[in-house]
Amino acid sequence: MENNNNMYQHLVEIDEPENDFYLPDYDEEEKDSNFIFIINTILSGTARLNVLLPTVTILAFTIFAPILTSDGQCNKFEQYITGIFLILSAISCVFFSFTDSFKSARGRLHYGVATFSGIWTFNGRRIKPCVPRDYRLRWSDIFHASLSLIAFLTFAASHNDVLHCYHFVVPRKVINTVPLVIGFVISLLFVIFPSRRRGIGYPFLLQSDI
């Protein structure tokens, strides 16, 4: 009798499925893939902020602003020079937002400016990309250029030397807080609505087609 019970228990243990083996949950895998895709999109957009934001223009303005304004103690002439430099810097923010590039049939890289009719190359030659309509100026380009311009003007307007040069009195709390808030919002918008332009300053070594 005891042998029969042992044999029956042995057969039951063989028929029961082991807990270590189970079918994969495809819903969880799909959720994980979607989560990874979202994370990769956010990280790729964050990595391009140094290109989308007017980093070079802000750096140049930080270097030359104390020189042109004499550390904030500027005269009328220096006020004009500083104003011209500020306008040129603002124009450069908009200009670089409209630049783009493409590769010719020979694999040579060409830079240009996006227009409503296509892309205008800097070399003056009549070299066009394979699909010219893909390089036309869009409303999204104007949106990105406006964000870049706002970011630069916010930084320039909060610069101590510029404020002292034009005798503007702004509370320090506003100077320390407003640029950070605006910079965060603009960076967030650049990540959510990324630009497809690969203009001047774009790291082409990171492109997927190279």
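A residue is called buried when its relative accessible area is under 20%, exposed when that value is over 50%, and partly exposed in between, using a 1.4 Å probe and protein chains only. By that yardstick, 30% of the 210 residues in the protein are buried. The structure is a predicted model, with local features needing pLDDT of at least 70 and side-chain atom pairs counting only at pLDDT 80 or more, while totals for chains, interfaces and linings use all residues. Residues are numbered from 1 along each chain as its sequence is written, and side-chain values use heavy atoms, with hydrogens and water left out.

The protein has eight helices and three strands, where helices (H or I, at least four residues) and strands (E, at least two) are DSSP runs numbered from the N terminus. Reading from the N terminus, the order of elements is α-α-α-α-α-β-β-β-α-α-α. About 15200 Å² of the protein is exposed, and carbon and sulfur atoms supply 64% of that area; accessible areas come from the Shrake-Rupley method with a 1.4 Å probe, and for residues only the protein chains shown count as cover. Contacts (heavy atoms within 4.5 Å) reach a long way along the chain: of those with a separation of 6 or more, 62% are between residues 24 or more positions apart.

An unreviewed UniProt entry lists residues 49-68, 80-98, 142-159 and 174-193 under "transmembrane region". UniProt positions are given in the numbering used here, feature names are shortened, and annotations may be inferred rather than shown by experiment. What does the model show for residues 80-98? That span is 95% helix and 0% strand, and its end C-alpha atoms lie 28 Å apart. For residues 174-193, the chain is likewise 95% helix and 0% strand, with 28 Å between the end C-alpha atoms.

Next come the charged side chains. Side chains of opposite charge can pair when their charged atoms come close. A salt bridge here is a side-chain nitrogen of Lys or Arg within 4 Å of a carboxyl oxygen of Asp or Glu, and a search of the whole structure turns up two. In one of them, Arg-197 pairs with Asp-100, and the closest N and O atoms are 2.8 Å apart. Arg-197 sits in the segment after helix H8 (172-192) and Asp-100 in strand E1 (residues 99-103), so this pair ties together parts that are 97 residues apart in sequence. Arg-197 also forms a salt bridge with Asp-141, at 2.6 Å from N to O. Since Asp-141 belongs to helix H6 (residues 139-157) and Arg-197 to the segment after H8, the pair ties together parts 56 residues apart in sequence. Asp-100, Asp-141 and Arg-197 are thus linked in a network of salt bridges. Are these residues buried or exposed? Arg-197 is buried at 5% relative accessibility, Asp-100 is buried at 4%, and Asp-141 is buried too.

The cysteines add a covalent link. The structure holds one disulfide, meaning a pair of cysteine sulfur atoms within 2.5 Å. Cys-74 and Cys-165 are the partners, with 1.8 Å from S to S. Cys-74 lies in the loop between helix H4 (55-68) and helix H5 (76-97) and Cys-165 in helix H7 (residues 160-165), so the bond ties together parts that are 91 residues apart in sequence. The link of Cys-74 and Cys-165 is right-handed, with 115° about the S-S bond. Cys-74 counts as buried at 14% relative accessibility, and Cys-165 does so at 0%.
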